[in-house]
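Visitor: I am new to this structure and would like to be taken through it slowly. Could you show it to me before we start?

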Amino acid sequence: RQEKMSMFADYEEEVQECLSKCEDAKEAIVLSNISEAKDLIQQMKLEMRTMPGSEKAEAAATIQKLEGMIEKAESEALMGNAPMSGSAEESKMRTDAAINKLEKGTERLARTKELMAEMEDTGTDIMGTLAENREKITSAHDKVKVAKGELDKADNITTRMGKFWANW
């Protein structure tokens, strides 16, 4: 659960970063950041689906707030309120930010791979346990069949003995 909240918080932080980049960027970059923020919102929605009810409500409120911020930034970009100038320093800052974001994405991917490996191990353990249980159930079922057959024989013998003694 803590891992999921951490991933959700990472997504929220990245959306905030995308929106903050929109304030001082060219229109094309603003639209790119907005598109990226929308993608992150979709990831947040996927994460939200796996959260328990109490956390899900809080996450939904956060997503709604961020979607409002994205709409506002998009509106400003489309209305032409975004600055249209850029410099080498801004370009370097954007490049550094992109590298930072890629590193965070790589870290998140590594965490996801670890989680998948853990899930796979758990699934393998469960499958092994289920196979053992199936063998035990099958064995018990076979023993019940044998016992039922023996009881049927005993019942048959008892019935015949009762008829024999009734006629004697």
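**A guided reading**

Guide: From the N terminus on, the elements of the protein run α-α-α-α, where helices (H or I, at least four residues) and strands (E, at least two) are DSSP runs, numbered from the N terminus. This is a predicted model, in which local features need pLDDT of at least 70 and side-chain atom pairs count only at pLDDT 80 or more, while totals for chains, interfaces and linings use all residues. Residues are numbered from 1 along each chain as its sequence is written, and side-chain values use heavy atoms, with hydrogens and water left out.

Visitor: Which helix supplies the largest share of the largest nonpolar core?

Guide: A nonpolar core is a set of buried Ala, Val, Leu, Ile, Met, Phe, Trp, Tyr and Cys residues joined through side-chain atoms within 4.5 Å, and buried means under 20% relative accessible area, with exposed over 50% and partly exposed in between (1.4 Å probe, protein chains only). The largest such core has 19 residues, and Phe8, Val15, Ile41, Met44, Ile63 and Ile70 have the most contacts inside it. At least two of its residues come from each of α1 (2-22), α2 (27-49) and α3 (53-79). The largest share, seven residues, is supplied by α2.

Visitor: Which residues is Ile70 in contact with, leaving aside its neighbours within four places in sequence?

Guide: Ile70 is among the core residues with the most contacts inside the core, and contact here means heavy atoms within 4.5 Å. Leaving those neighbours aside, the partners of Ile70 are Val15, Leu19, Ile34, Ala37, Lys38 and Ile41.

Visitor: Is Gln64 buried or exposed?

Guide: Gln64 has its place in helix α3, and its C-alpha lies 9.4 Å from that of Ile41, although the two are 23 residues apart in sequence. Because its relative accessibility is 59%, Gln64 counts as exposed.

Visitor: The structure holds one aromatic pair; what is its geometry, stacked or edge-to-face?

Guide: Rings of Phe, Tyr and Trp (its six-membered ring) pair if their centres lie within 6.5 Å, and planes under 30 degrees apart count as stacked, over 60 as edge-to-face and the rest as tilted. Phe164, found in helix α4 (residues 88-166), and Trp165 are both exposed. Their ring centres are 5.5 Å apart and their planes stand at 80 degrees, so the pair is edge-to-face.

Visitor: What percentage of the residues of the protein count as buried?

Guide: The protein has four helices and zero strands. Of its 168 residues, the share that counts as buried is 18%.
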